[in-house]
Amino acid sequence: MPTADELLSADTVTHLARLLARAGGRRSSPALRARAGALDGLTFSGRVAAVRDAVLDDLPDTWPAFEAVVRTALAQPGFEGWMTFPVNEAVAVRGLEVFEPGLDLLHDLTSRLTAESAVRPFLRADPDRALAVVRKWTADPDPHVRRLASEGTRPRLPWAPQLPAFVADPRPALPVLDALYRDGSEYVRRSVSNHLNDISRDHPALAAETAGRWLAEPETTTDRVVRHGLRTLVKAGRPEALTLLGHSPDVPVTVSGPVVAHPRIAVGEYLVFDWTVTNTGPLPARLVIDYVVHHAKANGTRTPKVFKLVTRALAPGETLKGTKRHSFKPITTRRYHSGEHLVQLQINGRVRGEAGFSLDASWPRLAGSAHDLWNRVPPRPMSVRDEREPLAPRTTSLYDYALFRHGIEPDGRVPAGGYPLPDGAPPAGRRDRLGPAAAEAAVTEALAPLLADPISARAAEAAHTRLAALPVLPEHIHRIVLGIVPEDRHTGRARRLARRLTRDGTHPSAVHAGLALLCNLGDSADTPTVRTLGMLQEFSRDAVAVLDRIDRTAAAELELGIGAGAPGHDAFRDAVAGGDREAVRAALTGGPTPPGPPRRIAEAARLDQLLDEYPQDPALTVAACRLLLAMAHTHQYRPEVLDYAQAHLVYEAVVARAHRLSPSADSYALLLSLAQDLRSGAGAVLQWPPGRRADLIATLGRLLAEPLWAAVPDEAAATAGMGPGKDPGGHRAGWMLRTGRRPFIPPAAPATFEIEVVVSDPAVRNVVETRIVLGGRPLVPDLFASGGSNYPEYLLDTGRLRAGPEPREVQLAEAYCTEGCCGALYVTIRRDGDQVVWDGWRGVEGKRKPPAYRCDAAAYDAEVERAENDRSWSWPARDTARLITDGLLERPELLTAWGCSAGPAFTAWDEPGAVDLHFTYAPGAEPGVPGKGDPWLQFAWRIPDDGTPPQAQARAALERLAGQNPRTWARLCGGSKEYAEALGHAWPAEGL
């Protein structure tokens, strides 16, 4: 059976090239033909992206001509199957500019191969506008189109980007499901069920309410649709779902048990109990029978956990009996504590019997190293169902080894980075390792055919043997397997194989392959296994990636759990691991934010739910606001808030509770920063319902305009004295006064181009950005993932944003680690008649191709001129730095006379009230510019604010440079130690 990569083969792409060339009336499609010969080594997703880009290169740039070629191809025989997948993706890129016509073309293409992935960029860009089209598809005669309406709008569609707006609020898409749940096609109804299940993961009450409406107006197929759609809630024992499905909490039954066989057990043993249920009613009883274990906590309280037993219908008078063995073997998802526990029998969501038992959670102190102890542990016994030939010479799995290592930890904590493998890490390199292309071919050949094997044990054994023998690093096997996609009809078999490999694998290569498969095929049932494997150093990073797809909270807990310990880290981690919500709240509000990535902290804490649980707690609101701002900060890699699924809910909760905060400088600064973020920062890039972001900003603006709040900046300035020096309170007060109402001034309508200089809270980070807003959307956080916008001295003081007669390429942002490391974002600015055009993008994140932005030239010129002349954002030290820079540009001899050249003059990052001037000493033909191999020294001169006007301070600094060699007073901060000592400069004792 061919793999997905083979389906999008060189022959397929060559055939596509011929079809599109014929459709476009051309002799050939050069980009597609070139790509057909360069597919080796690419995964399926890589092939799709490469072919999509080739389609975009070959087809016309204008939409009408592009659409005409695709529609002509659509009418030709042979234009079908996998070759249309990259064409759909190309339509998503080019069609986004025209929107509705792009969606119309996807409507016609989806019957050839589903366009469910290609419609999602439209839904992310403008949900309301896209839904207006999608809702019409629900009445289409083609079931492929009707399914596209449901599948394309799923909040969490597998193998496709999530729709954050629908994850946060799925209600706008409900009319689509309402129109399709009674559809005549099982193909369509199954998509509706899966969509409802997506909703239930984030909004269980809404899912149950929707299912109830459908059951009130059913077809014969509705019960099956609802059962499949509520499967996650049924597993969780949610009473609203159980009642809807006919499992009445008041069902007439008699219950015996649970009867515990051994009331005292130890960790590592089993709790064994018997139970009996009899239907005493006159009618058949539909029963969902679960049991609940109430685990003792360290503080003496207990926390419940529901486990499934059986779902059955009992006839009147019928009795059902059973015995359950519940393992207390150490696992990563729970830390056991000694004490009294409780087990309950739960029928249709209601407790019908209980029994107590005592657990001894102490672990025996064994002598010897962990590796020695492991080698003395016998393999875990296999049930009859599991019996098979061993997969490898080591018969005990790496999964069991992870459980063992965690079990012998006295405090139950995983060390920083995780545990090493029992036999050490795989060797880093060997001369006989296969190259990238050969490795991908070998791994694909070894594993791909096994994905269709109906006997998972046989497939796992074969996969284990083949992968372990390959001269490919295990971590590279993981990367390769990520691109191996099973056919839809074999998804279940591939998932079972993945679970065998992760649970039973004894070689890192097999486990890596299983994790990679689960990255695309896993669900919540795989969370415990993946989290356990993540405790091993070898798998920790990949386990987090898998959990990110199936259980964000578990991913966050794992990443934080294996992070290096720091003050506050263990308290928060322990609170999360123990499920103690009060302790989680205390860890977030009792001091500084716990260390770690802010998104992971929010996910592990389930911050959106915590805010609902403690709505009256202003300290929690403050903590949530700080986490949002940390996630939205752009001077890092991609702002984390863009990947935080619950971001909308937390923004909403913080703004709704902001009025409960006390009017203080800290609270004022937080809310002002939040407004800046929502107006033109990363928070503005999120997919908000129309007008909602403006509403949130307006709410904050009204609050800060109230008399008690409006007085805060002046009070802070009076308290700080606003004098010169290092007083951070004074700098922050000045920032609050300067920023004032700027974030709350509505943009001039219709604003297509805005420039906003934003200064961040100096008490947190001294950052100044020139933010560009195009069409109401901030540009840099949307397109660039490695840093914030450039500062105004670079973009505005130099006139770089002006549209001149010749096109000019301008750097809008640079990676915080420099362009040479992680790149920069560039755009070409040109004048086209009475319009200014921004296009020719370079350095955009991923393979996105932003459209050309056009603006009325007169309006553009006016906005640039306004921004260049607006210095209301600046402060005295910043003005001093600018004047010194201008003075040195006019009089370079002030430094070249001393063999030096000037670097930038900026306000100090750690003291915004001072100026740092950097200069380089390298005497020679060009003073301050060392030749190749020539010695050089770098100096920094810090100029404190003396309280006089900036013009006077800049003049004094320039006069000092004119009259005295700056090397006699500036601080040495770079260059050659030997050269410095030869010239009589003392090398800093602490180094550089």
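This report walks through the cavities, two helices and one buried proline of a predicted model.

## Ground rules

Since the model is predicted, local features need pLDDT of at least 70 and side-chain atom pairs count only at pLDDT 80 or more, while totals for chains, interfaces and linings use all residues. Residues are numbered from 1 along each chain as its sequence is written, and side-chain values use heavy atoms, with hydrogens and water left out.

## The largest cavity

There are 4 cavities of 30 Å³ or more in the structure. A cavity here is a set of points, on a 1 Å grid over the protein atoms alone, where a 1.4 Å probe fits but cannot get out. The largest one holds about 90 Å³ of space, volume being the space filled by probe spheres set on the points.

Who lines it? Lining residues have an atom within 4 Å of a point, and for the largest cavity they include Trp735, Arg738, Arg742, Glu756 and Trp873. By type, the lining splits into 6 nonpolar, 2 polar and 3 charged residues; nonpolar covers Ala, Val, Leu, Ile, Met, Phe, Trp, Tyr, Cys and Pro, charged covers Asp, Glu, Lys and Arg, and the others, Gly among them, are polar. Both α38 (728-739) and β9 (753-759) put at least two residues into that lining, with β9 giving the most, 4 residues. Helices (H or I, at least four residues) and strands (E, at least two) are DSSP runs, numbered from the N terminus.

## Helix α45

Helix α45 (residues 950-963) has 14 residues, which at 1.5 Å a residue should span 20 Å, and its end C-alpha atoms are indeed 20 Å apart. The expected span is 1.5 Å times one less than the number of residues.

Its buried residues (under 20% relative accessible area, 1.4 Å probe, protein chains only) are Pro950, Gln953, Ala954, Ala957, Leu958 and Leu961. Down the helix axis they fall within an arc of 130 degrees, so they line one face of α45; the arc is taken from the directions from the axis to the C-beta atoms. Glu959 and Gly963, on the other side, are exposed, meaning over 50%. Among the elements covering the buried residues are α43 (876-890) and β17 (911-921).

## Pro966, just past the helix

Pro966 sits in the loop between α45 and β19 (971-975). Its relative accessibility is 0%, so Pro966 counts as buried. Leaving aside neighbours within four places in sequence, Pro966 is in contact (heavy atoms within 4.5 Å) with Leu895, Trp898, Phe919 and Leu961.

Technical notes
1 Å grid on protein atoms, 1.4 Å probe; cavity = no way out; pocket = protein on both sides within 12 Å on 5 of 7 lines; lining within 4 Å.
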